[in-house]
Amino acid sequence: MATDYLADVRKYDASADEAIVAKIVKHLGIALRSKDAALVSCTDQAELDRVKAGWIAKKLGGDAAKADGILAKVCETMSADRTKARVTFYYLVAKHYGKLGSL
């Protein structure tokens, strides 16, 4: 299943490691089965708050003060995609925090 998401991640990071993408897919688990849950909406503040609380704070141990800026950067990076894949979004957030290696 991770290979399905790898091509999308590689649109933004050509050297993305398949093992890291697989770890994100495993973390998201059953949520990826729902089309709506498999996507991130940058215009939905409640959803971005869930990303901050669940992914950035709990999983990455990221600095909450930097979270809004990083989320804005990832949203801008992915702005050409009308449907932003959650796996790719989470990958890019982790990359901005420098946490890919610790996943």
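**Figure 1. Asp 8, a buried acid with a charged partner.** In this predicted model, Asp 8 has a relative accessible area of 17%, which falls under the 20% limit, so the residue counts as buried. Its partner here is Lys 11: the two form a salt bridge whose closest N and O atoms are 3.0 Å apart. As a reminder for this view, side chains of opposite charge can pair when their charged atoms come close.

**Figure 2. Lys 11 and its link to Asp 81.** Lys 11 also forms a salt bridge with Asp 81, and here the closest N and O atoms are 3.4 Å apart. This pair links distant parts of the chain: Lys 11 sits in the loop between α1 and α2, Asp 81 in the loop between α4 and β2, and 70 residues separate them. Asp 81 counts as buried, at 15% relative accessibility.

**Figure 3. Lys 52 and Asp 68, a bridge between two helices.** Look for Lys 52 in helix α3, which covers residues 45–60. Lys 52 forms a salt bridge with Asp 68, with the closest N and O atoms 2.7 Å apart. Because Lys 52 belongs to helix α3 and Asp 68 to helix α4, the pair ties together parts that are 16 residues apart in sequence. Asp 68 is partly exposed, with 45% relative accessibility. Leaving aside neighbours within four places in sequence, Lys 52 is in contact with Gln 45, Ala 57, Ala 67, Asp 68 and Leu 71.

**Figure 4. The salt bridges, taken together.** How many salt bridges does the structure hold? There are six. One of them is the pair of Lys 52 and Asp 68. Salt bridges that share partners join Asp 8, Lys 11 and Asp 81 into one network.

**Figure 5. The disulfide of Cys 42 and Cys 75.** A search of the whole structure finds one disulfide. Cys 42 is joined to Cys 75, with an S to S distance of 2.0 Å. The angle about the S-S bond is -95°, and the link is left-handed. The two cysteines come from distant parts of the chain, 33 residues apart: Cys 42 is in the loop between β1 (39–40) and α3, while Cys 75 is in helix α4 (residues 64–77). Are these cysteines buried or partly exposed? Cys 42 is partly exposed, with a relative accessible area of 22%, whereas Cys 75 counts as buried at 13%.

**Figure 6. Phe 89 and the nonpolar core.** The largest nonpolar core has 34 residues, and those with the most contacts inside it are Val 21, Ile 24, Trp 55, Val 87, Phe 89, Tyr 91 and Val 93. Helices α1, α2, α3, α4 and α5 each supply at least two residues of this core, and the largest share, eight residues, comes from α5. Phe 89 is a good place to zoom in: leaving aside neighbours within four places in sequence, Phe 89 is in contact with Val 40, Cys 42, Leu 48, Val 51, Leu 71, Val 74, Cys 75 and Met 78. Both cysteines of the disulfide are thus found in that list.

**Figure 7. Helix α1 and model confidence.** The buried residues of α1 are Ala 2, Tyr 5, Leu 6, Asp 8 and Val 9. These residues pack against α2 (18–28), β2 (84–85) and α5. Among the elements of the chain, helix α1 (residues 2–10) has the lowest mean pLDDT, 89, and helix α5 (residues 86–97) the highest, 97. For the chain, the mean pLDDT is 93, and 99% of residues reach 70 or more.

Terms used: Residues numbered from 1 in each chain as written. Predicted model: local features only at pLDDT ≥ 70, side-chain atom pairs only at ≥ 80, totals over all residues. Heavy atoms only, no water. Helix = DSSP H or I, 4+ residues; strand = E, 2+ residues; numbered from the N terminus. Contact = heavy atoms within 4.5 Å. Disulfide = S-S within 2.5 Å. Buried < 20%, exposed > 50% of the residue type's maximum accessible area, 1.4 Å probe, protein only. pLDDT = per-residue confidence, 0-100. Core = buried A, V, L, I, M, F, W, Y, C linked by side-chain atoms within 4.5 Å. Salt bridge = Lys/Arg side-chain N within 4 Å of Asp/Glu carboxyl O.
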